[in-house]
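User: Please take a close look at one part of this model, the main nonpolar core. Walk me through what builds it and what sits around it.

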Amino acid sequence: MAIHLYKTSTPGTRNGAVDSQVKSNPRNNLIYGQHRCGKGRNARGIITARHRGGGHKRLYRKIDFRRNEKDIYGRIVIIEYDPNRNAYICLIHYRDGEKRYILHPRGAIIGDTIVSGTEVPIKMGNALPLSAV
């Protein structure tokens, strides 16, 4: 993975780096607007915790935590930043045409294939049930 280093123009941009493989335009059918009315407010909408509020609007990405596409190989197409969690996510294109987001496995790169099931090899990105480990 190539890392892009910024030239320092202000003290806030000093020592900044961005991974160049990370894209930021999500798929439209895998995201939706999340209603976030928290920000230190109670049930009536009155601020009870001071100095909380504002922030940028964030769209929620639907993550496939169940990995129930059994024995169907998928290819990592895009690695994206997820603003709702402190982890990267991957867009997977499965061979049956379905597209899903999963949490990015450490060490996986664009073009790797992953699969989930009971008789799959143990490697980074594959998902096995606990009974098969």
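Analyst: In this predicted model, the largest nonpolar core has eight residues: Ile 76, Ile 79, Cys 90, Ile 92, Tyr 94, Ile 102, Ala 108 and Ile 114. Two elements, β6 and β7, each give two or more residues to this core. The biggest contribution is from β7, with three residues. There is also a second, separate core of six residues, and Ile 78, Ile 89, Leu 91 and Tyr 101 are among them.

Keep the general pattern in mind here. Side chains in a regular strand alternate between the two faces of the sheet.

Now the strands. β7 covers residues 88–94 and pairs with β8 in the antiparallel sense, over five bridges. One bridge joins Ile 92 to Arg 100 in β8. Ile 92 is also one of the residues of the largest core. β7 and β8 form a hairpin, with four residues between them. Gly 97 lies in the turn and has a positive phi of about 100°.

Next, a core member from a loop. Ala 108 sits between β8 (99–103) and β9 (113–114). Its relative accessible area is 4%, so Ala 108 is buried. A residue counts as buried under 20%. Cys 90, another member of the core, is 18 residues from Ala 108 along the chain, and their C-alpha atoms are separated by 9.3 Å.

A charged side chain comes next. Asp 64 is in the loop between β5 (59–61) and β6 (74–81). Asp 64 counts as buried because its relative accessibility is 12%. Its side chain makes a polar contact with the side chain of Arg 100, at 2.9 Å. Arg 100 is the bridge partner of Ile 92, so follow that residue from the hairpin to the loop. A polar atom of the Asp 64 side chain also lies 3.4 Å from the backbone nitrogen of Arg 66. Beyond its neighbours within four places in sequence, Asp 64 is in contact with Tyr 94, Arg 100, Tyr 101 and Ile 102. Of these, Tyr 94 and Ile 102 belong to the largest core, while Tyr 101 belongs to the second one.

Then the aromatic pairs. The count comes to two. Tyr 32 and Tyr 60 form a tilted pair, 5.6 Å centre to centre with 55° between the planes. This pair links distant parts of the chain: Tyr 32 is in strand β4 and Tyr 60 in strand β5, 28 residues apart. Tyr 32 counts as partly exposed, at 41% relative accessibility. Tyr 60 is partly exposed too, at 21%. The other pair is Tyr 81 with Tyr 88. Their ring centres are 6.1 Å apart and their planes are at 70°, so this pair is edge-to-face. Tyr 81 is partly exposed at 46% relative accessibility, and Tyr 88 is partly exposed at 38%.

One last loop residue serves as a contrast to Ala 108. Ala 49 is placed between β4 (31–33) and β5. With a relative accessible area of 24%, Ala 49 is partly exposed, whereas Ala 108 is buried at 4%. Ala 49 and Lys 39 are 10 residues apart in sequence and 8.1 Å apart in space, C-alpha to C-alpha.

Definitions and conventions
Residues numbered from 1 in each chain as written. Predicted model: local features only at pLDDT ≥ 70, side-chain atom pairs only at ≥ 80, totals over all residues. Heavy atoms only, no water. Buried < 20%, exposed > 50% of the residue type's maximum accessible area, 1.4 Å probe, protein only. Polar contact = N/O pair within 3.5 Å; in protein donor to acceptor, adjacent residues only side chain to side chain. Contact = heavy atoms within 4.5 Å. Pairing = 2+ DSSP bridges. Core = buried A, V, L, I, M, F, W, Y, C linked by side-chain atoms within 4.5 Å. Phe/Tyr/Trp six-rings, centres within 6.5 Å; stacked < 30°, edge-to-face > 60°.
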